[in-house]
Amino acid sequence: MTRSRVSVSPSQNTWLSRRDFLKAGSVFLLALGANRRGAVSLGQIAPPAGNVRTVGGDIPPADLGVTLPHEHLLIRRPEWPRDAILDDPNLAAEELAVFGRSELHGPAQRTLVELTPHGLRAPAHADRLRAIAQRTGVHIVMGTGFHKKPWHPPELAGWSQRTIEDRLVGDVLDGVGPERIGAGVIGEIGISDSPPAISAMDRDERKVLKAGAGAQRRTGAPLSLHFDNDWRRPCWNGPLRIAVLEYLRSEEGIDLSRVVVCHCSPIPADLKLHRRMIEMGAYVAFDAWGSDVGCPGIPEDDYRLYASAVKTLVRDEAYLVKVLLSQDVCVPRQLMAYGGCGYAHLIRDVLPRFLASGVTERQIQQMTVGNPMAMLPLRGAA
């Protein structure tokens, strides 16, 4: 099957020349070169305490390397059309392998956080993820949770909050399936748009959120929250995001440094919102690179806008250490096999443009290596 790669057309009126693009890319790749033991060079980033739970077992955070904290390798629902389903482990492995070997200067470890929740999985989901990890050599951290109400399994409506919480805790502490493959993240927990009051949330989504908070306290795993968003527009549910974070902090006693707010737009209009969420303690995830338009048709002006916003935000060290970058691949059209950007898009296409825009090598390393390394270990369990 033919796979297309993103390229910068020489005929485009771009802000980044082909020569500058290639030069910036090679600088970044050298900056993330491997040390003699084959792990990503971490520079001055000190590994935190605690281990990261992957589908292959627990590993120290220093072994994560470049990490994508929000992706999907396998995702399906019976009523979905074929072009909305990722359900081919062989294709997933082939696509993930491109991320695993994506032109770093020397060998380097990679990690992908797979956040497909219950209700959107085929049987043996954990076993299939482990097989993909073994085949590619990429560490995979599996999430556990429930998405928005339309994708809840039918039986969830009759479950108590404690039943849901116990299931999430069991997925992390006891593991899933006969092989007891452990989850390492609570999420993604789906939150539909509603007025900015917890009492206005859908009853079952509120129950899942409360269960996710309880599971976070009991396991020490990070908690990843889905909010709807349009990558190109200012966030319309900012007050809801703030309300959920405040609820988790004040009512559930959650340390917000263990919470990731997914689907944030890297645009100047939202910088005030991003700063506020970070100041509350949460991570801000710019995790939809390449999903807004098909590759290779992403306009250079869009790259420039996004890079400028990120550069402005991470200029302050307090904000830099709370930014995560990923792609949220979740449908076939985003795979390289179908003309999409694939799992290597961030490294191959986005980060070189960051460098060309003035984001530093150290800042890129912090966002792609240091911040996931701080966020993912299991720690602080009650």
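**Exercise 1: Salt bridges**

Task: Work out how many salt bridges there are, and say where D228 and K148 sit in the chain.

Solution.
- Step 1. Start with the total: this predicted model has 21 salt bridges, counting a Lys or Arg side-chain nitrogen within 4 Å of an Asp or Glu carboxyl oxygen.
- Step 2. Now take one pair. The side chains of D228 and K148 form a salt bridge, with N to O at 3.0 Å.
- Step 3. Place both ends: D228 is in the loop between β7 (223–227) and α6 (238–250), while K148 is in the loop between β5 (139–144) and α4 (161–173). They're 80 residues apart, so this pair links distant parts of the chain.
- Step 4. Check the surroundings: D228 and K148 are both buried.

The general idea is that oppositely charged side chains can pair when their charged atoms come close.

**Exercise 2: Two more pairs and a network**

Task: Are the partners in the D301 and R304 bridge buried or partly exposed, and what about R348 and D349?

Solution.
- Step 1. Get the distances. For D301 and R304 the closest N and O atoms are 2.6 Å apart; for R348 and D349 the figure is 3.0 Å.
- Step 2. Locate D301 and R304: both belong to helix α8 (residues 300–314), with their positions 3 residues apart, about one turn of the helix.
- Step 3. Apply the cut-offs, where buried is under 20% relative accessible area and exposed is over 50%. D301 has 45%, so it is partly exposed, and R304 at 41% is partly exposed too.
- Step 4. Do the other pair: R348 comes out at 11%, hence buried, and D349 at 2% is buried as well.
- Step 5. Look beyond pairs. K149, D202, R203, D204 and K207 are tied together in a network of salt bridges.

As a follow-up on R304, take F354 in helix α10 (residues 345–357). F354 is 50 residues from R304 in sequence, yet their C-alpha atoms are 8.4 Å apart in space. With 1% relative accessibility, F354 is buried.

**Exercise 3: Strand β5 and its partners**

Task: Decide why β5 counts as largely enclosed, then find which strands pair with it.

Solution.
- Step 1. Count buried residues: 6 of the 6 in β5 are buried, so the rest of the structure largely encloses this strand.
- Step 2. Sort the residues by direction. H139, V141 and G143 point one way, I140, M142 and T144 point the other way, and all are buried. Side chains in a regular strand alternate between the two faces of the sheet.
- Step 3. Pair one neighbour: β4 (residues 110–114) runs parallel to β5 and is joined to it by 4 bridges. One of the bridge partnerships is T111 with H139.
- Step 4. Trace the connection. From β4 the chain passes through helix α3 (residues 125–136) to reach β5, a right-handed β-α-β crossover.
- Step 5. Pair the other neighbour: β6 (residues 185–191) is parallel to β5 over 2 bridges, and T144 has I186 as its bridge partner.

**Exercise 4: Empty space**

Task: How many cavities of 30 Å³ or more are there, and what lines the largest cavity and the largest pocket?

Solution.
- Step 1. The search of the whole structure turns up 2 cavities of 30 Å³ or more. The largest cavity holds about 70 Å³.
- Step 2. Its lining has 13 residues, with P69, S224, V260, L324 and M375 nearest the centre. β3 (66–71) and β7 each give at least two residues to that lining.
- Step 3. Classify them: 10 nonpolar, 2 polar and 1 charged.
- Step 4. Turn to the largest pocket, with a volume of about 590 Å³. It is lined by 25 residues, and W151, H226, H263, D328 and C330 are closest to its centre.
- Step 5. Classify again: the pocket lining has 10 nonpolar, 8 polar and 7 charged residues.

**Exercise 5: Backbone oddities**

Task: What is the geometry of the peptide bond from G187 to E188, and what are the phi values of A124 and D328?

Solution.
- Step 1. The G187 to E188 bond is cis, with omega near 5 degrees. E188 is part of strand β6.
- Step 2. A124 isn't a glycine, but has a positive phi of about 60 degrees. A124 lies in the loop between β4 and α3 and, at 43% relative accessible area, is partly exposed.
- Step 3. D328, also not a glycine, has a positive phi near 55 degrees. D328 is in the loop between β10 (323–325) and α10 and is buried at 13%.

Notes:
Residues are numbered from 1 along each chain as its sequence is written. Side-chain values use heavy atoms; hydrogens and water are left out. Buried means under 20% relative accessible area, exposed over 50%, partly exposed in between (1.4 Å probe, protein chains only). Two strands pair if DSSP finds at least two bridges between them. A crossover is right-handed if, with the strands pointing away from the viewer, the path from the first strand over the helix to the second runs clockwise. On a 1 Å grid over the protein atoms alone, a cavity is a set of points where a 1.4 Å probe fits but cannot get out, and a pocket is an open set with protein on both sides within 12 Å along at least five of seven lines; lining residues have an atom within 4 Å of a point. Grid points are joined across faces, edges and corners, and a volume is the space filled by probe spheres set on the points. Ala, Val, Leu, Ile, Met, Phe, Trp, Tyr, Cys and Pro count as nonpolar, Asp, Glu, Lys and Arg as charged, and the others, Gly among them, as polar.
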